[in-house]
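Please walk through this model from its overall make-up to its interior, its surface and a few points of backbone geometry.

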Amino acid sequence: MGPKAKKSGSKKKKVTKAERLKLLQEEEERRLKEEEEARLKYEKEEMERLEIQRIEKEKWNRLEAKDLERRNEELEELYLLERCFPEAEKLKQETRMLSQWKHYIQCDGSPDPSIAQEMNTFISLWKEKTNETFEEVIEKSKVVLNLIEKLKFILLETPPCDLQDKNIIQYQESILQLQELLHLKFNVATEILLRQASTLADLDSGNMEKVIKDENVTLYVWANLKKNPRHRSVRFSETQIGFEIPRILATSDIAVRLLHTHYDHVSALHPVSTPSKEHTSSVTELVKDDVENVEKAISKEVEEESKQQEKQSHLIQEEKLKVEEEQDDIEVKMSSAEEESEVIKCELEMKVLSETVSAGKHWRTDGISNVSYKPNERLVTFSLDTFGPVTLIQDAHINMPYQSWELRPLDVNKVLLTVTTVFTEIQIQIKENLCMLSSVKLKDKKHISILEGTWMTPIPFIIALKEAGLNIFPTRYSHFYVVINNKVPLVEVKAYRQMALLSSTFAFGWSKWNLLCNSTKVVFKVREHLPEECTENPNWALLMFSGDRAQRLKIKEESEAFSEALKEETEFHSTLYHMVRDFASKEAMEKVRSSNCQFVNSVCHMLLSTRLLSYS
């Protein structure tokens with residue numbers, strides 16, 4: 001019974017053909033039903049999506065139509081606000097004319113640098129003067145350097161329409177003649193000083209040692225009178241300046257001059273390009289004039305000042321000596337002479353200009369060895385293969401691109417511009433037509449700068465910052481050396497001008513989304529600045545601007561993805577002014593309309609000079 005029951009129980013129930021067909025039919029019906037349900041669901045979702053798109057498109061079209069309808073009105077209102085720029089330019093012109101008048105009535109004997117005849121007379125008379133002592137040349141150099149500075153400012157500050165090509169050439173030639181004559185006078189005065197070497201001999205060594213110090217020039221002269229081979233190391237008394245010479249020079253008739261200037265007396269004058277006359281058809285005449293003014297000012301400033309260094313040392317004048325006979329190196333020790341060098345000491349590179357390439361005006365690094373820097377003593381030590389000009393050069397683009405920036409109101413017609421770079425945080429205050437370095441932080445540590453607290457007009461201020469190693473001012477060639485977020489120049493110019501108009505009341509800041517939008521648009525943060533507002537968690541709005549249209553974005557700075565979607569219940573506008581007016585207080589807009597024209601122009605100048613939207 002058991003085995004048989006087990007066997008019969010293990011038999012499988014047979015499925016008939018009809019039953020199998022029925023099962024297949026049910027499966028097919030189920031599949032078709034699911035497909036139909038999926039199709040209907042897809043069609044419904046697609047219809048809903050298309051309906052949403054239609055509604056959004058209709059809404060978008062309505063907003064565009066509304067924006068187009070009021071565009072002329074908004075642009076006309078913007079034009080009235082932007083009248084502050086020609087007003088500021090008119091005040092600048094009046095200031096220049098007043099300066100010329102003050103120079104005329106001063107009658108101090110110094111020439112008017114803008115008048116070629118007076119400059120030629122001044123240069124000719126000084127050329128004819130002979131037997132000047134080094135002290136007399138130093139005193140005269142103050143007048144000469146002041147004239148060079150004035151000529152450079154004329155080239156930088158004069159609008160293109162008021163500066164003819166012949167004037168540019170005239171001013172350049174005057175600068176070059178003054179530079180060459182000043183250098184020649186220093187050489188002649190050094191030779192006269194060396195003729196008195198025996199009367200200036202040091203009591204201990206018997207050799208001549210002379211130090212003449214001034215605010216612009218420091219002279220160190222040493223003459224080998226005793227030719228004692230044991231006296232190979234020289235250090236000028238009460239200084240950290242010194243050098244060590246090889247034995248062959250210690251027994252030779254030589255003299256060494258170290259000429260440390262606080263201005264560039266080596267680099268040749270670079271040609272300044274004539275003003276561009278090209279106009280962009282899509283921008284108003286007002287914008288065109290300002291773009292040309294700024295581009296000319298920035299390009300001239302860069303070309304005139306790009307070779308200026310913080311400190312230089314010049315070793316010359318060996319008598320009856322063949323340098324090729326030297327078997328050893330010449331070691332020169334120099335202390336840091338400028339306070340600003342501490343900021344950028346890690347980024348400085350020593351370079352020497354040898355006689356073989358001096359005609360080509362190129363600095364080269366070979367011929368320098370054993371370079372060391374002692375931070376605590378602020379002492380640079382290096383060895384040279386031969387005598388020649390030596391300079392410390394900083395990478396011009398070490399502070400670019402910027403990591404972030406913010407423009408924040410401080411008071412009526414007064415703002416604070418903060419630019420954060422990899423190494424430094426630079427804060428600049430702007431009021432009326434003046435700028436001031438507020439603070440400098442080097443790697444989160446406060447650094448004291450000699451420029452802090454000094455108010456200057458924008459162009460001299462920019463030059464002073466660059467000379468101090470705080471270069472945050474791109475040139476027309478900077479994009480070749482810096483990876484940038486390039487934006488269409490016209491869009492940038494319009495954005496900076498309108499940001500400047502609003503800067504007395506609104507704060508602006510860097511946004512990471514500016515990197516993700518295309519080159520025809522810029523994205524930045526903006527908020528109305530309230531004195532009692534907590535600045536730890538400010539309520540920023542994100543604006544996108546294309547030059548012709550401004551819109552408030554739906555996304556926030558903390559969002560995960562970029563989207564150009566419009567924020568709910570907001571509209572398009574043709575200008576930033578009308579865009580922020582939608583969410584700003586009446587008091588804020590009244591402050592904007594009453595802003596000082598020189599203040600707005602200065603803020604615009606700094607924004608155009610730093611190009612925050614492309615170099616952040």
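Accessible areas here come from the Shrake-Rupley method with a 1.4 Å probe. On that basis the protein, which is a predicted model, exposes about 33200 Å², and carbon and sulfur atoms supply 51% of that area. Of its 616 residues, 47% count as buried, and the secondary structure consists of 13 helices and 20 strands. When contacts between residues at least 6 apart in sequence are considered, 68% of them join residues at least 24 apart.

The interior can be followed through its nonpolar cores. The largest of these has 65 residues, and those with the most contacts inside it are Ile-428, Phe-506, Phe-508 and Phe-524. Phe-508, once its neighbours within four places in sequence are left aside, is in contact with ten residues' worth of surroundings that include Trp-405, Leu-407, Met-499, Leu-502, Phe-524, Val-526 and Trp-540, while Glu-406, Ser-503 and Lys-525 are also among its contacts. Apart from this core lies another, of 34 residues, among them Leu-151, Phe-186, Ala-197 and Tyr-263.

The cysteines deserve a separate look. Because a disulfide requires a pair of cysteine sulfur atoms within 2.5 Å, the distances between sulfurs decide the matter, and by this rule the count comes to zero disulfides. Cys-604 is in no disulfide, since the nearest cysteine sulfur, that of Cys-84, is 8.5 Å away. Cys-604 counts as buried, at 1% relative accessibility, and Cys-517 is likewise buried, with a relative accessible area of 5%.

On the outside, Leu-98, Trp-101, Tyr-104 and Ile-105 make a nonpolar surface patch of about 480 Å². Ile-105 lies in helix α3, which spans residues 84-106, and counts as partly exposed at 48% relative accessibility.

Some backbone details remain, and they are found in loops. Met-400 and Pro-401 are joined by a cis peptide bond, with omega at about -5°, and Pro-401 is placed in the loop between β11 (389-394) and β12 (404-411). In the loop between β12 and β13 (414-420) is Asn-413, which has a positive phi of about 55° although it is not a glycine; Asn-413 is buried, with a relative accessible area of 17%. Lys-227, another residue other than glycine with a positive phi, has a value near 55° and sits in the loop between β2 (217-223) and β3 (233-235). Whereas Asn-413 is buried, Lys-227 counts as partly exposed at 31% relative accessibility.

Technical notes. Residues numbered from 1 in each chain as written. Predicted model: local features only at pLDDT ≥ 70, side-chain atom pairs only at ≥ 80, totals over all residues. Heavy atoms only, no water. Buried < 20%, exposed > 50% of the residue type's maximum accessible area, 1.4 Å probe, protein only. Core = buried A, V, L, I, M, F, W, Y, C linked by side-chain atoms within 4.5 Å. Contact = heavy atoms within 4.5 Å. Patch = residues over 30% accessible without salt bridge, like charges linked within 9 Å, V, L, I, M, F, W, Y side chains within 5 Å. Salt bridge = Lys/Arg side-chain N within 4 Å of Asp/Glu carboxyl O. Helix = DSSP H or I, 4+ residues; strand = E, 2+ residues; numbered from the N terminus.
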